[in-house]
Amino acid sequence: MDLKIAIQGIKGSFHHQVAQQYFGESILLEECDSFNEVVRALKTNRSEKAVMAIENSIAGSILPNYALIDKNNLHIIGEYYLDIHMNLMALKGQKMEDIKEVHSHPIALLQCEVFFSQYPHIKLVESSDTAETAHRIQKQSLNGIAAVAAPIAAQMYDLEILAAGIHTIKSNKTRFVVVKTRNKELPKEEINKASLKFELDDTPGSLATVLNVMNNCKLNLTKIQSLPIIETPFQYAFFVDVIFEKYKHYEKAKKLLEIMTTHFKVLGEYKQGKP
């Protein structure tokens, strides 16, 4: 029986591309309109695993997804870095001067701001997904409207690429995480990365002390992200990613951090992906 993977978006989206490259071609897709729906698909067992974008090298962290993973007690079991190639596509026969509106996901539009500054007559319209817009243009034969999406979307929906590689910074990568409702995917000797969440009391220097402990335990901090704690104004939760050579070093750090922090939580232990 094929593995069922939940993604935000539809076939032809970047999430679809990652699901195929991470799990292989023979998967079933649960196409979801939103990341909230992705979580529901996991929690109701409609899908076994899910792929979620978590940060982009141009647009930064996707903060709501950190909160979703934490709030719903999901476990990160892997990660994948995808080179993002943004392409402007429309019905065949259209030219740039014919385009009045461009529809795409807000993050995709944000990554192409400089390109669109050359075309002040084009209105940028946010949509729920890159591939969904490409599909709608094909299905409804929409003239004068273009999509920003992956090359795979142009192939799948028979659209013409008017401009390729329109993202502002050419080295454009998105980090995706693979999540499920339960952990324990890999043996300890294969694990070399972890995602953690913790909160701190008001003691001056408490964050610096925590970072020192990580350093002393031979953990390399690759990401630190703060999110406000809504119930407590001006208090923050910290999300960190650490990599390590030996699991025992990480285990030692984890025991110390459990004592030093409040609301300590392991969001995932997995094998580091290749950026």
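A polar contact is a pair of N or O atoms within 3.5 Å; within protein, one atom must be able to donate a hydrogen and the other to accept it, and residues adjacent in sequence count only if both atoms are side-chain atoms. Keep that in mind for the start of helix H6 below.

The model is predicted, so local features need pLDDT of at least 70 and side-chain atom pairs count only at pLDDT 80 or more, while totals for chains, interfaces and linings use all residues. Residues are numbered from 1 along each chain as its sequence is written, and side-chain values use heavy atoms, leaving out hydrogens and water.

**Helix H6**

Helices (H or I, at least four residues) and strands (E, at least two) are DSSP runs numbered from the N terminus. Helix H6 covers residues 130-140. At its N-terminal end, Asp-129 acts as a cap, with a side-chain oxygen 3.2 Å from the backbone nitrogen of Ala-131.

Which residues of H6 are buried (under 20% relative accessible area, with exposed over 50% and partly exposed in between; 1.4 Å probe, protein chains only)? They are Thr-130, Ala-131, Thr-133, Ala-134 and Ile-137. Because they cover an arc (taken from the directions from the helix axis to the C-beta atoms) of only 160 degrees, they sit on the same side of H6. An α-helix has 3.6 residues a turn, so residues three or four places apart point the same way. The cover over the buried residues of H6, by contact (heavy atoms within 4.5 Å), includes helices H1, H4 and H7 and strands E6, E7 and E9.

**Two loop residues with positive phi**

Most residues other than glycine have a negative phi. Here are two that do not follow this habit:

| Residue | Phi | Loop | Relative accessible area |
|---|---|---|---|
| Asn-73 | about 55 degrees | between H3 and E5 | 45%, partly exposed |
| Ser-141 | about 50 degrees | between H6 and E9 | 47%, partly exposed |

Ser-141 comes just after H6.

**The cavity**

A cavity is a set of points on a 1 Å grid over the protein atoms alone where a 1.4 Å probe fits but cannot get out; lining residues have an atom within 4 Å of a point. There is one cavity of 30 Å³ or more, and the largest cavity has a volume (the space filled by probe spheres set on points joined across faces, edges and corners) of about 100 Å³.

What kinds of residue line the largest cavity? The lining divides into eight nonpolar (Ala, Val, Leu, Ile, Met, Phe, Trp, Tyr, Cys and Pro count as such), three charged (Asp, Glu, Lys and Arg) and one polar (the others, Gly among them). Tyr-66, Arg-175 and Asp-241 are among the lining residues. Strand E14 gives the largest share, three residues.

Conventions: 1 Å grid on protein atoms, 1.4 Å probe; cavity = no way out; pocket = protein on both sides within 12 Å on 5 of 7 lines; lining within 4 Å.
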